[in-house]
Amino acid sequence: MDERMLRALVAAGAVKKISIVASGARFHVEARTPNGAVTAQTLKGKIKTWVSLDAAARWVRGLGVGAAQVQLAHWQPAQRELI
């Protein structure tokens, strides 16, 4: 789901919880809605990722969300990316 749709869901009160999830050396955002979890995507349909936790948190705050859960179980800060 792209940023525009997530903003609309947040404004409508449909987002119950936001999670910033670490995977390797990157972070992505998942939103819980009544219909299940959705992952933030780019306009091209790929998963939107960030290199730093503060950048992901800043993006979530920009959506109008004041609280988010951070999941660091799979965080590997030294992991190199596979391109």
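Two strands are said to pair when DSSP finds at least two bridges between them, and this idea is a useful way into the structure shown above, which is a predicted model. Strand 1 and strand 2 form a hairpin with two residues between them, and G24, which sits in that turn, has a positive phi of about 70°. Strand 1 covers residues 17-23, while strand 2 covers residues 26-33, and the two run antiparallel, joined by seven bridges. To see this pairing residue by residue, the reader can find K17, which stands opposite R32 in strand 2, and then I20, which stands opposite V29, also in strand 2.

Strand 2 has further partners, and following them leads through more of the structure. A second hairpin joins strand 2 to strand 3 through two residues. Strand 3 consists of residues 36-39, and four bridges join it to strand 2 in the antiparallel sense. R32, already met as the residue opposite K17, also stands opposite A37 in strand 3. Strand 2 is joined as well to strand 4, again antiparallel, by two bridges, and here F27 stands opposite W50 in strand 4.

Strand 1, for its part, also pairs with strand 5, which is made of residues 69-71. This pairing is in the parallel sense and runs over three bridges, with S19 standing opposite Q69 in strand 5. Which residues does S19 touch, if those up to four places away in sequence are not counted? They are H28, V29, E30, Q69 and Q71, and of these V29 belongs to strand 2, where it stands opposite I20. Is S19 itself buried or exposed? S19 counts as buried because its relative accessibility is 5%, and buried means under 20%. The strand around S19 is mostly covered too, since five of the seven residues in strand 1 are buried.

From the covered strand it is a short step to the interior. The largest nonpolar core has 17 residues, and those that touch the most other members are L6, I18, V29, W59 and V60. The elements that give two or more residues to this core are helix 1 (3-12), strand 1, strand 2 and helix 2 (53-62), so that helices and strands both contribute to it. V29 shows in detail what such a position looks like: leaving aside its neighbours within four places in sequence, V29 is in contact with I18, S19, I20, V38, T39, A40, W50, W59 and V60. Among these contacts are I18, W59 and V60, which also appear beside V29 in the list of core residues that touch the most other members.

Turning to residues with more moderate cover, T49 lies in strand 4, which consists of residues 49-50. T49 counts as partly exposed because its relative accessibility is 36%, a value that falls between the limits of 20% for buried and 50% for exposed. Apart from neighbours within four places in sequence, T49 is in contact with R26, F27 and H28. T49 and E3 are 46 residues apart along the chain, and their C-alpha atoms are separated by 12 Å.

E3 brings the reader to the charged side chains. Side chains of opposite charge can pair when their charged atoms come close. How many salt bridges does the structure hold? There are two. In one of them R7 is joined to E3, with the closest N and O atoms 2.7 Å apart, and both residues lie in helix 1, four residues apart, or about one turn of the helix. R7 counts as partly exposed, at 36% relative accessibility, and E3 is also partly exposed, with a relative accessible area of 29%. In the other salt bridge D54 is joined to R58, the closest N and O atoms being 3.1 Å apart, and here both residues lie in helix 2, four residues apart, about one turn of the helix. D54 is partly exposed at 45%, whereas R58 counts as exposed because its relative accessibility is 55%, and exposed means over 50%.

The surface also has a nonpolar side. L53, V70, L72 and W75 make a nonpolar surface patch of about 320 Å². Of these residues, L53 lies in helix 2, and L53 counts as partly exposed because its relative accessibility is 32%.

Note on methods
Residues are numbered from 1 along each chain as its sequence is written. This is a predicted model: local features need pLDDT of at least 70, side-chain atom pairs count only at pLDDT 80 or more; totals for chains, interfaces and linings use all residues. Side-chain values use heavy atoms; hydrogens and water are left out. Buried means under 20% relative accessible area, exposed over 50%, partly exposed in between (1.4 Å probe, protein chains only). A nonpolar core is a set of buried Ala, Val, Leu, Ile, Met, Phe, Trp, Tyr and Cys residues joined through side-chain atoms within 4.5 Å. Contact means heavy atoms within 4.5 Å. Patches are made of residues with over 30% relative accessible area and no salt bridge: like charges are joined within 9 Å, nonpolar side chains (Val, Leu, Ile, Met, Phe, Trp, Tyr) within 5 Å. Accessible areas come from the Shrake-Rupley method with a 1.4 Å probe; for residues, only the protein chains shown count as cover. A salt bridge is a side-chain nitrogen of Lys or Arg within 4 Å of a carboxyl oxygen of Asp or Glu.
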